[in-house]
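Colleague: I'm new to reading protein models, and I'd like to zoom in on one part of this one. Could you take a close look at how the helices pack and talk me through it?

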Amino acid sequence: MSVRTTIKTLLLQENMTLTELAKIVSQTTGKQYTVDSLSRKLQNETMKYNEAEMLIKNMGYTIKFEKLNK
């Protein structure tokens, strides 16, 4: 699953818009995030891991890695 799909799915689950997420992230980080900049990064798949992690954290989730049993 792509970062874009993951974040869009979480937004739907939380009944939150990208606009609301951009506002929350801007408030918590003190750095200006706009809907356009977030949308562009998601669309072009140019978002850094730490940015995706921060967005997901601000929605109340965490990224967890689990080793596959092979």
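Modeller: Start with helix α1, residues 3-13, and helix α4, residues 49-58: their axes sit 10 Å apart and make an angle of about 10°. Anything under 35 degrees counts as roughly parallel, so α1 is roughly parallel to α4. Keep in mind that this is a predicted model.

Now look at which residues do the touching. On the α1 side you'll find V3, T6, I7 and L10, and they meet A52, L55 and I56 of α4. Try picking those out in the viewer, one helix at a time.

Next, swing round to helix α2, residues 18-29, which also packs against α4. Here too the axes are 10 Å apart, but the angle is about 105°. The range for roughly perpendicular is 65 to 115 degrees, so that's what we call α2 and α4. From α2, the contact uses L21, I24, V25, T28 and T29, while α4 brings M54, L55 and N58. Did you spot L55? That residue of α4 is in the contact with α1, and L55 is also in the contact with α2.

If you follow the chain on past α2, you come to the loop that leads to α3, residues 35-44, and K31 is in that loop. Is K31 buried, exposed or something in between? Its relative accessibility is 48%, and partly exposed covers the values between 20% and 50%, so K31 counts as partly exposed. Leaving out residues up to four places away in sequence, K31 touches V25 and S26. V25 should ring a bell, since it is one of the α2 residues that meet α4.

Now zoom back out to see where all this fits. The protein chain has four helices and zero strands, so to speak a plain α-α-α-α pattern when you read along the sequence. Its C-alpha trace spans about 45 × 25 × 20 Å along the principal axes. There are 70 residues, and 29% of them count as buried. If you take the contacts between residues at least 6 apart in sequence, 50% join residues at least 24 apart.

What about the outside? The chain exposes about 5,400 Å², with carbon and sulfur atoms supplying 50% of that area. As for charge, there are 11 positive and 7 negative side chains, and the centres of these two sets lie 4 Å apart.

How values were computed. Residues numbered from 1 in each chain as written. Predicted model: local features only at pLDDT ≥ 70, side-chain atom pairs only at ≥ 80, totals over all residues. Heavy atoms only, no water. Helix = DSSP H or I, 4+ residues; strand = E, 2+ residues; numbered from the N terminus. Buried < 20%, exposed > 50% of the residue type's maximum accessible area, 1.4 Å probe, protein only. Contact = heavy atoms within 4.5 Å. Areas by Shrake-Rupley, 256 points an atom, 1.4 Å probe, with all protein chains shown as cover. Lys, Arg positive; Asp, Glu negative; His and termini not counted. Charge placed at Lys NZ, Arg CZ, Asp CG, Glu CD. Axes fitted to C-alpha atoms, helices over the stretch in contact; angles between N-to-C directions. Parallel < 35°, antiparallel > 145°, perpendicular 65-115°, else oblique.
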